[in-house]
Amino acid sequence: MSSPTRATERTSHVNTGKIALTALFTAASLILSFIQIPIFPAAPWLMYDPSGIVCLIAALAFGPKLGAAVAIISWLPRVFLDPFGAPMGMVSTCALIIPAALIYARRRTRAGSIAGMVVGAVLSVIVSCALNLVVTPLYTAVTVADVAAMILPILLPFNALKMVINVVAGQALLAPCMAVLAPEGLGSR
């Protein structure tokens, strides 16, 4: 039988470990958010950044709340550089990772992670297109009608491609990351 002190130490270690890993995931996501890659030749001004992959792994490993915290905190410094795009990035990333983490929490299998990521990706694409309708006219000379006309040829394919990259990378990295976190008791909720 373990003593109350040992149980407290174990709980404290796990919490400290999760806090440290959450900070690490946040730092990695922040750094990756500054990597801007043009992935859609039809709209070279739209850039992909791989920070969503880190947020996705964090959400699946630690749950939707910590995943959302990683996404939001890592985007906060970007608010000063891009006061319209950064909040859109936060919401879009959370739309991906929260459903993915909730579904994966119920079915901690490959099928569960794929289902969660696909649902999150579809929601993120919808949210991204809707946010562009509202936000883009606020800081450009483009009207809502102009943005609506860009949804099918530009915004939908760009955001879908972005989600495909995030889901494929998330699937490739999930098992190795969980294998590292599980022995330490850090990959479970």
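Me: What makes the crossing of α2 and α3 right-handed?
Reply: The label goes by rotation: the near helix is turned clockwise from the far one by less than a right angle, whereas anticlockwise would be left-handed. The crossing of α2 and α3 is right-handed. Bear in mind that this is a predicted model, where local features need pLDDT of at least 70 and side-chain atom pairs count only at pLDDT 80 or more, while totals for chains, interfaces and linings use all residues. Numbering runs from 1 along each chain as its sequence is written, and side-chain values use heavy atoms, with hydrogens and water left out.

Me: Why is α2 called roughly antiparallel to α3?
Reply: Helix α2 (residues 51-62) packs against helix α3 (residues 64-75) at about 155°, the axes being 6 Å apart. That makes the pair roughly antiparallel, as the label covers angles over 145 degrees (under 35 is roughly parallel, 65 to 115 roughly perpendicular, the rest oblique).

Me: How do you know that the length of α2 agrees with a helix?
Reply: The expected span is 1.5 Å times one less than the number of residues. For the 12 residues of α2 that gives 16 Å, and the end C-alpha atoms sit 17 Å apart, so it agrees.

Me: Why is Asn132 called buried?
Reply: Its relative accessible area is 13%, so Asn132 is buried (under 20%; exposed is over 50%, partly exposed in between, with a 1.4 Å probe and protein chains only). Asn132 lies in helix α5 (residues 110-139).

Me: And what makes α2 mostly covered?
Reply: Buried residues again: 12 of its 12, including Ile53, Leu56 and Leu60.

Key
Axes fitted to C-alpha atoms, helices over the stretch in contact; angles between N-to-C directions. Helix = DSSP H or I, 4+ residues; strand = E, 2+ residues; numbered from the N terminus.
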